[in-house]
Amino acid sequence: MDICKKIAEELKIKTWQVEAVVKLMDEGCTIPFIARYRKEQHGTLNDEQLRSLEERLTYLRNLEERKTTVLAGIEEQGKLTEELKAQILAAETQVMVEDLYRPYRQKRRTRATVAKEKGLEGLADIMLLQMTQKPLEEEAAAYLDEEKGVATVEEALQGAMDIAAEAIADEADYRMAIRKTTMAQGTLVSAAKDENVKSVYENYYKFESALTKISGYQMLAINRGEKEKILTVKINAPEEDILRYLEKKVVIRENANTQGRLLATIEDSYRRLIAPAIEREIRNELTERAEEGAIRVFGKNLEQLLMQPPIAGKVVLGWDPAFRTGCKLAVVDETGKVLDTVVVYPTEPQKKVAETKRIVKGLIDKYHVSLISVGNGTASRESELVIVDMLKEMNRPVQYIIVNEAGASVYSASKLAAEEFPTFDVGQRSAVSIARRLQDPLAELVKIEPKSIGVGQYQHDMNQKKLGEALGKVVEDCVNNVGVDLNTASASLLEYVSGISKSTAKNIVTYREENGRFTNRSQLLKVAKLGPKAYEQCAGFMRISEGENPLDATSVHPESYEAAEGLLKSLGCKKEDIRGGLTGLSLMVKDKERLAQKLGIGEITLEDIIKELEKPGRDPREEMPKPILRTDVLEMKDLKEGMILKGTVRNVIDFGAFVDIGVHQDGLVHISKLTDKKFVKHPLDVVSVGDIVEVKVLSVDQQKKRIQLSMIL
């Protein structure tokens, strides 16, 4: 298989582009580096295209490897024909390769292998060839052998039928056709084991859907219901059609001597061997597809969450709410340094509201707090009421925001948090995390395992390795898209930078602690375990503000410094002029093609350099919607049908989006209520996590704590 050509066809790009990226990847280049600094070589493919290319390359290379193993295995048995070899080499999926390999794979002991040991293979051949002039019972008599355990004609015939049934089941063409028919015409049916049991799976107590139409979230919900022993699940296939197809393929001659037994064998082969295997394969395929979809949605949500704009230059009070153990508070300065921590008890059972207000007012006055970041967990609602009441009593302009605290408890109990705050308990660490994730969401959230951040659905039910890898790539793309400050970035942030491993990230922090600030990018080469290749991959993503070379504060790669300096010189500018940004630089360059040739770089690279020098160290997160800061509280009972409110999209799933409208309980905008301007295939086509949207209240169910919203106003 020409892998590059196939990927190019699938992704609708040019073969030379795929070949260029594959070459770069094989040389050890990372996707963020290729996306940013090798545009000339691959023709400006974006991160998403490059990630898809990487995924397909891995799959197809594994497929080719598997083909080699399979061919060697069949060759060893002396059963490899030219026709079979051609079929295996032409196979485009792992399933197809395994279908072709099935008859030659070493099997566990089956009814057919037992029958073969009894010497009944010849009788099975007679039945399958359908040429005998004698009744099968007469043919079977020749195979009786008490020593081998074949005492009766019926035993011999049953053994032959078992061998024939397995031979039919192992035929790759039959399996492919049956799988295709089942997938096209079959249905998935789920039912309750006990209809009287109340559960979240009630929608699936009497459920049936065509296999071609079942959605990913339904598949994952049904799987979970089955795992929890609440649902039974099966696939209904068009059995009659499949049996007719097998009869047409297997019964090649009219022969009354073999016909009856052969039809019974076909039925047994399908019901006992083929159908259960096909059902397993189809369910695995549907689950994999559902998982891929869910991972894709999770990744997109995570990207939006990580790319939320930082709220810089504010002293923040982090508030981790709780009942019995009290609310943990932490004050952090503009740089994220912890100034103070305290525990207050404004909620049940202590309900020390007056004392809480006094303590919090004291912290606000002492440290000039201008923003309170409240976690959205247990007791968040009760804490919010106390905060709002307190803010009304104060003269200072203080605002608050409810933040998604998913993963804060995971971080606070982690080894990393213990190293960062050895004297703090888990509650104090959690409060610090809640404050910092508002100041710089990306820098704080990278400390948490991505799947614990909770912006998806059914993440605990899917392949954890696959989920972890996919989300890790999302974090890597976000970190490199933004860039990191070499003098302030934590090891957790640095390890996501292109070309940097966990140990190298720790070495960078250690070097900084021992030698003071980095003053230029080339000092990175003095860090242990960071060779020239790793330096090439990471240097452009590392920023040094107020360093020796103003270009170190930009995303211009050191390999292009000479060209950048040549550009400045040709326009009569100095390097120092970069610090404030060279607005209108692009208008000063008249002939980009000629200038690029003169500087010895590509035109795309020149454009990137100009763009960066105009706004050095530009943060792409600035373009994202700013979070809604509040000073007053809205309760669920205040909501009325028809109300128009502003809210923040907290989570996007297959059937809609959850929007925070400031009442602690997120409301659901169903996919059908996202827009009336176009057909919506997936909610992500309309909204993203972090979006600020206007919604209309459709209904409020106080008892079930459900709010239905619409974006069609």
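# A tour from sheet to barrel to cavity

Start by selecting β7, residues 371–375, together with β8: these two strands pair in the parallel sense over 5 bridges. What you have on screen is a predicted model, so keep that in mind as you click around. Now pick out Leu371 and look across to β8, where Gln399 stands opposite.

**Stop 1: the open sheet**

Widen your selection to the rest of this sheet. In which order do its strands lie? Reading across, you get β6-β5-β4-β7-β8, which makes 5 strands in an open sheet with mixed pairing. Colour β6 (338–344) and β8 differently from the others: they are the edge strands, and each pairs on one side only. Turn the view and follow the twist, which averages 20 degrees from one strand to the next. While you have the strands up, show some side chains. In a regular strand, side chains alternate between the two faces of the sheet.

**Stop 2: an unusual peptide bond**

Next, select Glu348 and Pro349. The peptide bond joining Glu348 and Pro349 is cis, with omega at about 0 degrees. Where does Pro349 sit? You'll find Pro349 in the loop between β6 and α16 (353–367). Most peptide bonds are trans, and most residues other than glycine have a negative phi.

That second point takes us to Lys12. Is the phi of Lys12 positive or negative? It is positive, at about 55 degrees, although Lys12 is not a glycine. To find Lys12, go to the loop between α1 (3–11) and α2 (15–26).

**Stop 3: helices that cross**

Select helix α15, residues 256–306, and then helix α13, residues 216–227. Their axes come within 8 Å and cross at roughly 120 degrees, which makes α13 oblique to α15. This crossing of α13 and α15 is left-handed.

Keep α15 on screen and swap α13 for helix α11, residues 153–169. The axes of α11 and α15 also come within 8 Å, and here the crossing angle is roughly 55 degrees. That makes α11 oblique to α15. Which hand does the crossing of α11 and α15 have? This one is right-handed.

**Stop 4: the barrel**

Now select β11, β12, β13, β15 and β14. In that order, the 5 strands close into a barrel, and the pairing is mixed. Neighbouring strands in this sheet are turned by 50 degrees against each other on average, direction ignored.

Walk around the barrel pair by pair:

- β11 and β12 (residues 656–660) run antiparallel, joined by 5 bridges. Click Asn651, and you'll see Phe658 opposite in β12.
- β11 and β14 (residues 692–701) also run antiparallel, with 5 bridges between them. Here, Gly647 has Val693 in β14 as its bridge partner.
- β14 and β15 (residues 706–710) are another antiparallel pair with 5 bridges. Select Ser699, and its bridge partner in β15 is Gln708.

Before you leave β14 and β15, look at the turn. The two strands form a hairpin with 4 residues between them. In that turn, Lys705 has a positive phi of about 55 degrees.

**Stop 5: the cavity**

For the last stop, look inside. How many cavities of 30 Å³ or more does the structure hold? There is 1, and its volume is about 310 Å³. To find it, select Gln308, Val403, Asn404, Leu438 and Arg650, which lie nearest its centre among the 20 residues lining it.

Which elements give two or more residues to that lining? They are β8 (399–403), α20 (426–439), α21 (441–445) and β11 (644–653). You've met two of those already: β8 is an edge strand of the open sheet, and β11 is one of the barrel strands.

Finish by colouring the lining by class. You should get 12 nonpolar residues, 4 polar ones and 4 charged ones.

Terms used:
Residues are numbered from 1 along each chain as its sequence is written. This is a predicted model: local features need pLDDT of at least 70, side-chain atom pairs count only at pLDDT 80 or more; totals for chains, interfaces and linings use all residues. Side-chain values use heavy atoms; hydrogens and water are left out. On a 1 Å grid over the protein atoms alone, a cavity is a set of points where a 1.4 Å probe fits but cannot get out, and a pocket is an open set with protein on both sides within 12 Å along at least five of seven lines; lining residues have an atom within 4 Å of a point. Grid points are joined across faces, edges and corners, and a volume is the space filled by probe spheres set on the points. Ala, Val, Leu, Ile, Met, Phe, Trp, Tyr, Cys and Pro count as nonpolar, Asp, Glu, Lys and Arg as charged, and the others, Gly among them, as polar. Two strands pair if DSSP finds at least two bridges between them. Axes are lines fitted to C-alpha atoms, for helices over the stretch in contact, and angles run from 0 to 180 degrees between N-to-C directions. Angles under 35 degrees count as roughly parallel, over 145 as roughly antiparallel, 65 to 115 as roughly perpendicular and the rest as oblique. A crossing is left-handed if the near helix is turned anticlockwise from the far one by less than a right angle, and right-handed if clockwise.
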